[in-house]
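Colleague: Let us go through this model by question and answer. Please keep the replies short.

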Amino acid sequence: MVEPLREGALTKGTTVDSVDDLLRRLEQLNAIGSALSKERDITRLLESILVAAKTITHADGGTLYRVTDDQQALRFEILRTDSLHIAMGGTSGKPIHFPNLPLHDDQGRRNDSLVAAYAALHNQTVNIADAYTEANFDFSGTRQFDERTGYRSQSFLAVPMKDHEGDVIGVLQLINAQHPGTGLVQPFSTADQSLAESLASQAAIAITNRNLMTQLEALFESFISLINLAIDEKSHYTGGHCQRVPALTMMLAEAVNATQSGPLAGFRMDDRDRYELKIAGLLHDCGKVTTPVHVVDKATKLQTLFDRMQLIDTRFEVLKRDREIAALRAQLARREVRDTQAEADIMASARSAIEALDEDREFLRKANQGGEFMSDSDIERVRRVGTGTLWRNTDGVESEFLTADEIENLTIRAGTLTAGERDTINYHIVATIKMLEQLPWPKHLKNVPEYAGGHHERMDGKGYPKGLTREQMSVQARVMGIADIFEALTARDRPYKQGMKLSQAMGIMHKFRTGGHIDPDLFDIFVQERVYLRYAQQFLDPWQIDDVNPQAWVN
């Protein structure tokens, strides 16, 4: 039968022992409520709810159902029966393969024949003393289960779980209340029902809060993805970086967290610490939204909104034509004389001058790529071509072949960025810190600006923007620094270089370790735990993963 909730758990016949038991269970209920409010993992939360309900009602078994997203069925989440040693769902690792319990039939009629469905549909607790004598519900499935297992499902208590808006989000069903002293199966008492309903109410609030937190976190991460998408849309060269650095950061952080010996043996992270570091990783380059795209994407030394090498090519063509025109004019001047040898000498001199121009053009094209370190002699040649060669500009005025800005760019010793452009690129970390420090971070995310803002600092204090030393930085910020550098070395989507092979990148990382650039203890774990190899197998091309000797990288 369906019993309405009766007020008052104590009656005249209540014994001292039962009062003590009830008080003890009330204390458990209070402790459970506090524990539920702190649990972040939804799976463990659901399991805790069911285990707590079984404990305070002395139930042998129980099932926790949740209403499906379409509101049409109850889905099995956790199932426990102690005497049969059955544990399914939750942290048991055993999936539940039972079909969902439909709340309506094919014609849309309510499925009132199943206890759990009835509780959900009518938002009412169902308390049944003996399933084998109950005529109002269909227990055929229960009886089949009992026949297979030798079990006897007797007393049932199905309690709807309602959220703050009064909507049913699940059902807590308990089976076979047991006498605390004898262990004999008995009906669920009024006190059991009251306690279970109180727990169900607390549980519903905890689930709703957890779901709300999950939705807010998902929304927050979506905003982060939006920022990274904006960066990606500005430059497809950096989009992958914004995803790979967080992945490598977490790989190394987990390896450090698992370390049992050495200088970092005391470093530990809980789930909140992991989430905080993950968010910092995702936001570590958010300041790049302020960086001009032509600087971020500067693939060659002369590139601005376009590669100005095209302009220099045009100038070379003008010079070559000037040489050819001058030679033809000189030949025409000799038409009356008809000095064949002199004409040939004129054309030979013109061809020699044109070949010299072609050589200078090829040299400047190569210098423009920025792929190799530029020697002093090459720098001097750029200047000689730039100032020693004259051409007639569009105004008809003879000018030096290269402008001062073009000479400055073409004489960059390494890479494609001038000092000013490098400052512009480096400013993104200042912008990142400014942006992140403006946000009202909750307590468990308060370190995000420090973690994200420290990945360009060096252990010797020569980094930027704050010039912090190793002692002034958190382990997390130092981890992110290693991840940022290694990703940049091995990335194959940069406009100015190909991704390095693993051995080459690790050789450079080792030099950074000994040179005070990166944290030596973290790098040792990076090597010993083969974090670099796990990252390579997941993110690098096969040709980049060559034979390596880890011993060469650990001092």
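Colleague: Start with Asn 123. Is it buried, partly exposed or exposed?

Modeller: This is a predicted model, so every value is computed from it. Buried would need under 20% relative accessible area, and exposed over 50%. Asn 123 has 32% relative accessibility, so the class is partly exposed.

Colleague: Where does Asn 123 lie, and what is the sign of its phi?

Modeller: Asn 123 sits in the loop between H3 and strand S5 (126-128). Most residues other than glycine have a negative phi. Asn 123 is not a glycine, yet its phi of about 50° is positive.

Colleague: Which residue follows H2, with a positive phi?

Modeller: The loop concerned runs between helix H2 (42-57) and S1. Its residue has a phi near 60°, a positive value in a residue other than glycine. At 22% relative accessibility it counts as partly exposed, because buried means under 20%. The residue that follows H2 is His 58.

Colleague: What is the span of H2 from its first C-alpha to its last?

Modeller: H2 has 16 residues. At 1.5 Å a residue, 22 Å is expected. Among its buried residues are Leu 45, Glu 47, Lys 54 and Thr 57. The computed span is close to the expected one, at 23 Å.

Colleague: How far apart are the end C-alpha atoms of H16?

Modeller: Helix H16 covers residues 502-514, which is 13 residues. At 1.5 Å a residue, they should span 18 Å. The model agrees, with the ends apart by 18 Å.

Colleague: What arc do the buried residues of H16 cover around the axis?

Modeller: In H16, the buried residues are Leu 502, Ala 505, Met 506, Met 509, His 510 and Arg 513. They lie on the same side of H16, because their arc around the axis is only 140°.

Colleague: Which helices are among what covers those buried residues of H16?

Modeller: Contact here means heavy atoms within 4.5 Å. The cover over the buried residues of H16 includes helix H15 (475-490), helix H17 (520-528) and helix H18 (531-539).

Colleague: Which residue follows H16, and what is its phi?

Modeller: H16 is followed by Gly 516. Its phi is positive, near 80°.

Colleague: Is Val 527 buried or exposed?

Modeller: Val 527 has its place in helix H17. The C-alpha atoms of Val 527 and Asn 549 are 9.9 Å apart in space, with their places 22 residues apart in sequence. The relative accessible area of Val 527 is 2%, under the 20% limit, so Val 527 is buried.

Colleague: Which peptide bond is cis, with omega near 10°?

Modeller: Most peptide bonds are trans. The proline of this cis bond is found in the loop between helix H14 (448-453) and H15. The bond runs from Tyr 464 to Pro 465.

Colleague: Which residues does Arg 315 contact, leaving aside neighbours within four places in sequence?

Modeller: Arg 315 lies in helix H9 (residues 309-333). Its relative accessible area is 10%, so by the 20% limit Arg 315 is buried. The C-alpha of Arg 361, 46 residues apart along the chain, is separated from that of Arg 315 by 9.7 Å. The contacts of Arg 315 are Trp 391, Phe 401, Leu 402 and Glu 406.

Colleague: What is the relative accessible area of Gly 281?

Modeller: Gly 281 lies in helix H7 (residues 271-283). Beyond its neighbours within four places in sequence, Gly 281 is in contact with Cys 242, Pro 246 and Met 480. Gly 281 is buried, with a relative accessible area of 0%.

Colleague: Which element gives the most to the lining of the second largest pocket?

Modeller: The second largest pocket has a volume of about 720 Å³. Of its 29 lining residues, the closest to the centre are Tyr 65, Phe 76, Gly 141, Thr 142 and Phe 145. The lining divides into 16 nonpolar, ten polar and three charged residues. With six residues, the element that gives the most is H4.

Colleague: Last, what share of the protein chain counts as buried?

Modeller: The protein chain has 18 helices and ten strands. Among contacts between residues at least 6 apart in sequence, 64% join residues at least 24 apart. Of the 555 residues, the share that counts as buried is 47%.

How values were computed. Residues numbered from 1 in each chain as written. Predicted model: local features only at pLDDT ≥ 70, side-chain atom pairs only at ≥ 80, totals over all residues. Heavy atoms only, no water. 1 Å grid on protein atoms, 1.4 Å probe; cavity = no way out; pocket = protein on both sides within 12 Å on 5 of 7 lines; lining within 4 Å. Points joined across faces, edges and corners; volume = space filled by probe spheres on them. Helix = DSSP H or I, 4+ residues; strand = E, 2+ residues; numbered from the N terminus. Nonpolar A, V, L, I, M, F, W, Y, C, P; charged D, E, K, R; others polar. Expected span 1.5 Å × (residues − 1). Buried < 20%, exposed > 50% of the residue type's maximum accessible area, 1.4 Å probe, protein only. Arc of directions from axis to C-beta.
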